[in-house]
Number of protein chains: 2
Amino acid sequence: MGVSLKDIAARAGVSLSTVSNVVNGYRPVGEETRQRVQSAIDELGYAPNLSARHLRLGRSGIIALAIPEFDNPYFAELAGAAIREAAGLGYTLVMEDTAGAYEREVLMIDNSRRQIFDGLIFSPVAVSREEVLASPPTTPMVLIGEGVYDVPHDHIAIDNIAASHVAVQHLVSLDRYRIAFIGAQAGDHRQSAHLRLRGYREALAGAGLPWDPALAAPTTAFGRADGLLAMRDLLARTQPPDAVFAYNDLVAIGAIRAVVEAGLRIPDDVAVIGIDDIEDGRFSNPTLTTIAPDKEHIGRLAVRRLVARIEGTPVGPPYDVQPPFRLVTRESTLGGRRPIRA
Amino acid sequence: MGVSLKDIAARAGVSLSTVSNVVNGYRPVGEETRQRVQSAIDELGYAPNLSARHLRLGRSGIIALAIPEFDNPYFAELAGAAIREAAGLGYTLVMEDTAGAYEREVLMIDNSRRQIFDGLIFSPVAVSREEVLASPPTTPMVLIGEGVYDVPHDHIAIDNIAASHVAVQHLVSLDRYRIAFIGAQAGDHRQSAHLRLRGYREALAGAGLPWDPALAAPTTAFGRADGLLAMRDLLARTQPPDAVFAYNDLVAIGAIRAVVEAGLRIPDDVAVIGIDDIEDGRFSNPTLTTIAPDKEHIGRLAVRRLVARIEGTPVGPPYDVQPPFRLVTRESTLGGRRPIRA
DNA sequence: GACCGGCTGTATAACGTTATAGAGCCCGAC
DNA sequence: GTCGGGCTCTATAACGTTATACAGCCGGTC
């Protein structure tokens with residue numbers, strides 16, 4: 001083991017309590033003793049045992065952020081905002097990757113992991129609403145993204161349907177008639193994919209465009225490779241699309257690559273739009289038009305709500321928040337080449 | 001607080017010890033009692049308090065990975081490998097972002113954070129060798145990347161100089177004569193930037209090419225935006241480069257964008273190579289030639305070494321490992337357009 | 001001179017867990 | 001009939017910390 005309070009106390013010839021008071025200033029200590037204790041601390045290199053402190057105090061000062069796609073920049077960017085907010089509130093934020101795997105997600109909502117952290121911000125993909133409901137209510141949990149609604153937890157997620165409307169309407173405004181959607185469907189667990197598909201269909205209907213199932217390309221996951229394969233498929237059709245609404249920016253970037261490989265022009269032959277506004281799309285060729293959720297807002301708000309729950313600040317009942325989003329137009333739908341403002 | 005052993009014991013009418021034995025099977029328990037205890041656990045929803053267990057056992061089963069650029073996919077991809085290896089060894093890996101900030105990095109090497117985790121994998125950027133040396137040797141620490149050598153810790157980092165040689169030699173083999181380097185220098189803390197610059201200069205000399213300071217473009221950081229700005233600068237010279245070796249793939253992607261914006265062709269007018277082999281470069285337009293460190297190897301090895309130290313497995317003295325890397329040629333130096341195998 | 005209050009320090013109980021020592025019981029062997 | 005030993009289970013001490021209760025001392029006030 002490392003150096004403990006006891007070692008310091010012995011070295012300085014004082015009691016445990018006095019050392020503790022020097023360390024965290026709960027009660028005043030005489031100047032002379034304080035210095036003797038402090039030099040003992042410096043010499044022996046003492047640092048408090050966080051587990052013991054956690055056990056005693058009931059709080060560790062650490063909150064966790066569990067995300068399903070560690071390699072999706074969207075979450076990295078969101079995490080950045082969360083980390084800053086947490087630091088400002090005196091908490092450390094650590095991240096855990098569930099990889100969207102069911103067993104890993106279950107570890108989040110049963111108590112095995114939550115016992116060591118003061119709270120959890122969780123982006124569930126594989127677990128169901130019922131499982132979240134059945135989880136024991138110990139440490140506070142805030143849910144972000146996806147479609148786990150009507151549970152006794154704060155929940156922050158953009159309005160997927162409204163966002164999809166804006167995306168599709170933008171493509172319609174460019175006089176596109178054969179608008180495809182790329183993203184998983186059918187048996188997929190991911191609620192947001194279903195919601196975005198629904199928004200896409202509604203928007204098509206609203207614009208008086210027909211619903212063509214051949215233009216809804218399924219994917220097995222939501223990365224660049226999935227977008228690439230799906231787009232190749234769409235381009236091989238006898239009547240290829242003249243625009244694509246991708247489930248997210250990664251998928252869109254894969255789709256762009258497929259279009260370029262096919263020797264077609266963007267947006268002239270095919271316009272592309274995604275969702276997320278990850279940095280990749282700001283530097284891609286062409287740059288990517290996208291729906292930008294306010295990641296800063298989401299990250300900060302999630303932490304604020306969680307900390308409020310942890311500290312018992314009165315914040316009212318759990319609620320659903322739909323953070324703002326906006327359409328960011330770039331070369332993949334507008335054409336031309338405009339220098340990036342960096 | 002949550003449900004504790006005591007609650008279960010009371011409910012099942014047995015002692016604390018018996019419940020503990022049911023939970024972790026340290027000693028056998030009679031079948032009838034075991035069932036009574038088990039149903040009490042299920043009913044009350046018990047999960048062990050990890051802090052208490054950590055305090056008692058001296059281990060928490062959690063290791064941390066502290067990285068300087070959470071938004072660089074390189075680390076996300078490396079973390080993926082580390083997470084898998086850790087899971088296989090019975091550990092959970094959580095990630096912490098230092099943002100390369102000095103104060104945050106100091107928190108890693110003094111003991112404040114290490115007390116709650118069994119060990120730390122740390123990619124230092126801002127702290128010096130002396131500070132690492134002065135840190136109290138409590139929980140094991142494995143260092144990855146950068147140039148903190150000759151410290152009593154395992155250290156895993158590619159041979160930056162050798163990697164730079166390979167990169168530059170590849171450009172030379174394409175008959176490029178004005179090869180630029182983009183990456184911070186001078187007062188920068190980042191050792192790897194200095195090493196790569198040195199490798200670049202050595203390789204130029206080896207190829208009989210002159211060293212032109214005007215072709216070494218400094219950056220303030222190492223992201224896409226930095227590559228973009230530096231490349232714009234280089235292209236504005238009276239004698240622009242015909243090839244660019246970028247500090248990493250993100251910088252290279254920014255550089256590519258600058259070349260495209262300028263209306264020049266890649267690789268015809270300017271060839272581009274990076275280091276890291278992040279997924280972005282596999283899907284960019286054009287796709288990016290790069291030096292690919294074996295991230296899987298690095299991530300897994302770091303975890304294996306750390307766990308060996310934690311568990312006291314005899315593994316010999318701390319050592320420096322240089323993981324393998326290889327040149328991956330793509331469109332940004334080879335030209336043409338080759339479909340991605342996805 | 002007795003008492004009060006402030007200041008400085010100490011002893012101790014608890015947080016939830018697990019390893020150790022040991023208690024009670026029953027069965028078989030001498 | 002006693003002893004040894006296996007089988008269950010229990011009581012307890014510790015891990016390192018902090019909050020509570022308390023003890024001693026000094027100076028000032030009635």
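I take contact to mean heavy atoms within 4.5 Å.

**Entry 1: ground rules.** I note that this is a predicted model, in which local features need pLDDT of at least 70, side-chain atom pairs count only at pLDDT 80 or more, and totals for chains, interfaces and linings use all residues. Residues are numbered from 1 along each chain as its sequence is written, chains are lettered from A and ligands numbered from 1 in the order in which they are written, and side-chain values use heavy atoms, with hydrogens and water left out.

**Entry 2: the two copies.** I looked up how chain B relates to chain A, superposing by least squares on the C-alpha atoms of residues with pLDDT of at least 70 in both. A rotation of 180° with 0.0 Å of shift along its axis brings chain B onto chain A, with an RMSD of 0.1 Å. That is the relation of a two-fold axis. I also found that 100% of the interface residues of chain B are interface residues in chain A as well, so the copies meet through the same surface.

**Entry 3: the sheet of chain A.** Helices (H or I, at least four residues) and strands (E, at least two) are DSSP runs numbered from the N terminus, and two strands pair if DSSP finds at least two bridges between them. In chain A, I traced an open sheet of 6 strands in the order E7-E6-E8-E9-E10-E12, with mixed pairing. Strands E7 (216-217) and E12 (325-328) of chain A stand at the edges with a single partner strand each, so one side of each has no neighbour in the sheet. Strand E6 (residues 179-182) of chain A runs parallel to strand E8 (residues 243-246) of chain A and is joined to it by 4 bridges; Ala180(A) has Val244(A) as its bridge partner in E8(A). Helix H9 (residues 191-206) of chain A packs on the sheet, touching E6, E7, E8 and strand E9 (271-275) of chain A, and its direction makes about 170° with that of E6(A); such angles run from 0 to 180 degrees between N-to-C directions, the axes being lines fitted to C-alpha atoms, for helices over the stretch in contact.

**Entry 4: DNA strand D.** Counting a residue as near if one of its heavy atoms lies within 4 Å, I find 27 residues around DNA strand D, with Tyr46(A), Arg56(A) and Arg27(B) among the closest. For polar contacts with the DNA (pairs of N or O atoms within 3.5 Å), I noted a phosphate oxygen of DNA strand D 2.7 Å from a side-chain N or O atom of Asn24(A), and one 3.0 Å from a side-chain N or O atom of Arg53(A).

How values were computed: A polar contact is a pair of N or O atoms within 3.5 Å; within protein, one must be able to donate a hydrogen and the other to accept it, and residues adjacent in sequence count only if both atoms are side-chain atoms.
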